[in-house]
Amino acid sequence: MKKVDRLRYNTWLFQAAENFYERGNFEKALKYFERLNRQHGKFLEPSMRADCYAYMGDIYLFNEDYTKAIDYLTKAIGIDDSFPHYYYLLGMVYQTQENWRRSIEEFEAAAKLEPKNSIYIEELGRTYVFTGNLAEGEKLLKKAWKLDHENVGAGVELAGVMFSVGKYRDCVEIIDEIVKSNENLHDGIVEYLESLRADCMMGMDEKAKKRRRGRKKKKRAKKKDS
């Protein structure tokens, strides 16, 4: 999250908690954040207190305790409503709960505060896809991918949506862009993209066959009329 320069922090508890968080030791990080909040909460500068709540909310999201995650992230936003990542994390909680309306609201708030953040726009687009609004999802995912070709998630999601709506040629173009822009793709992603490309080629071939059959029918119809 890195909103406040840690050199300004006047307590070792926050630094220790953050270090545990960054190393993935969420259990110990949570204990330190809780201790910091309990012992020094009233005396912390607002930005540090907000970050403390946000870290705790993120940990509770990881632990699937969504009620506490929402509570702490809402507290963080209440202290500092200008930091977009708090809204993003809250959006992730609601997305996990399949509360699409609230998820969209939070991702929109994050993207409004930081309109060039590809990740925020990607998750907003992904949520629209989950609701079944593929047109809006595709539009937002295109925007996210255009902003950052290193955001592989946006590109892969976009390719999948394009395949779903039958835009096979566009899907192949996105796959080519993903592979070209990212040399060290995970094997699983490479396998998925190769499979998707093969399905697109089959889809294009089937479309071509339908067009040929359609033209033949028209020709036969014209001959009958004549």
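The following exchange concerns the predicted model shown above.

Biologist: On what basis are residues and side-chain values reported for this model?

Modeller: Residues are numbered from 1 along each chain as its sequence is written, and side-chain values use heavy atoms, with hydrogens and water left out. As this is a predicted model, local features need pLDDT of at least 70 and side-chain atom pairs count only at pLDDT 80 or more, whereas totals for chains, interfaces and linings use all residues.

Biologist: How many helices and strands are there in the protein?

Modeller: Helices (H or I, at least four residues) and strands (E, at least two) are taken as DSSP runs, numbered from the N terminus. Along the sequence the pattern reads α-α-α-α-α-α-α-α-α-α-α. The count is 11 helices and 0 strands.

Biologist: What percentage of the residues in the protein is buried?

Modeller: A residue is buried at under 20% relative accessible area, exposed at over 50% and partly exposed in between (1.4 Å probe, protein chains only). The protein has 226 residues, and the buried part of them is 45%.

Biologist: Which helix gives the largest share of the largest nonpolar core?

Modeller: A nonpolar core is a set of buried Ala, Val, Leu, Ile, Met, Phe, Trp, Tyr and Cys residues joined through side-chain atoms within 4.5 Å. The largest one holds 49 residues, of which Phe-14, Phe-33, Ile-59, Tyr-86 and Tyr-88 touch the most other members. Elements that supply two or more residues include helix H1 (12-22), helix H3 (46-62) and helix H8 (134-147). The largest share, 10 residues, comes from H3.

Biologist: How many residues does the other core, lying apart from it, contain?

Modeller: In soluble globular proteins, nonpolar side chains tend to be buried together. Among the members of this other core are Val-156, Val-172, Ile-174 and Leu-193, and its size is 20 residues.

Biologist: How many aromatic pairs are counted?

Modeller: Rings of Phe, Tyr and Trp (its six-membered ring) pair if their centres lie within 6.5 Å; planes under 30 degrees apart count as stacked, over 60 as edge-to-face and the rest as tilted. By this rule the count is 15.

Biologist: Which helices hold Trp-12 and Tyr-32?

Modeller: Trp-12 and Tyr-32 form an edge-to-face pair, with 6.0 Å between centres and 75° between planes. The pair ties together parts that are 20 residues apart in sequence, because Trp-12 lies in helix H1 and Tyr-32 in helix H2.

Biologist: Which residues form one aromatic cluster?

Modeller: Tyr-21 and Phe-26 make a tilted pair, 5.4 Å centre to centre with 50° between the planes. Both Tyr-21 and Phe-26 are buried. The cluster consists of Phe-14, Tyr-21, Phe-26, Phe-33, Tyr-55 and Phe-62.

Biologist: What is the closest N to O distance in the salt bridge of Glu-122 with Arg-126?

Modeller: A salt bridge is a side-chain nitrogen of Lys or Arg within 4 Å of a carboxyl oxygen of Asp or Glu, and the protein has 11 of them by this rule. Glu-122 and Arg-126 are 4 residues apart in helix H7, which means a separation of about one helical turn. Glu-122 is buried at 4% relative accessibility, as is Arg-126 at 16%. The closest N and O atoms of the two lie 2.2 Å apart.

Biologist: Is Lys-75, the salt-bridge partner of Asp-71, buried or partly exposed?

Modeller: Lys-75 and Asp-71 are joined by a salt bridge with closest N and O atoms 3.7 Å apart. The two are 4 residues apart in helix H4, about one helical turn. Asp-71 has a relative accessible area of 36%; at 36% relative accessibility, Lys-75 counts as partly exposed.

Biologist: Which residues are linked in a network of salt bridges?

Modeller: Lys-139 and Glu-136 meet in a salt bridge of 3.3 Å, N to O, and both lie in helix H8, 3 residues apart. The network links Arg-101, Arg-102, Glu-105 and Glu-106.

Biologist: Which backbone oxygen does the side chain of Asn-182 reach?

Modeller: Asn-182 sits in the loop between helix H10 (168-181) and helix H11 (187-225) and counts as buried at 13% relative accessibility. Not counting residues up to four places away in sequence, Asn-182 touches Trp-145, His-149, Glu-150 and Val-152, where a contact means heavy atoms within 4.5 Å. At 3.1 Å, its side chain reaches the backbone oxygen of His-149.

Key: A polar contact is a pair of N or O atoms within 3.5 Å; within protein, one must be able to donate a hydrogen and the other to accept it, and residues adjacent in sequence count only if both atoms are side-chain atoms.
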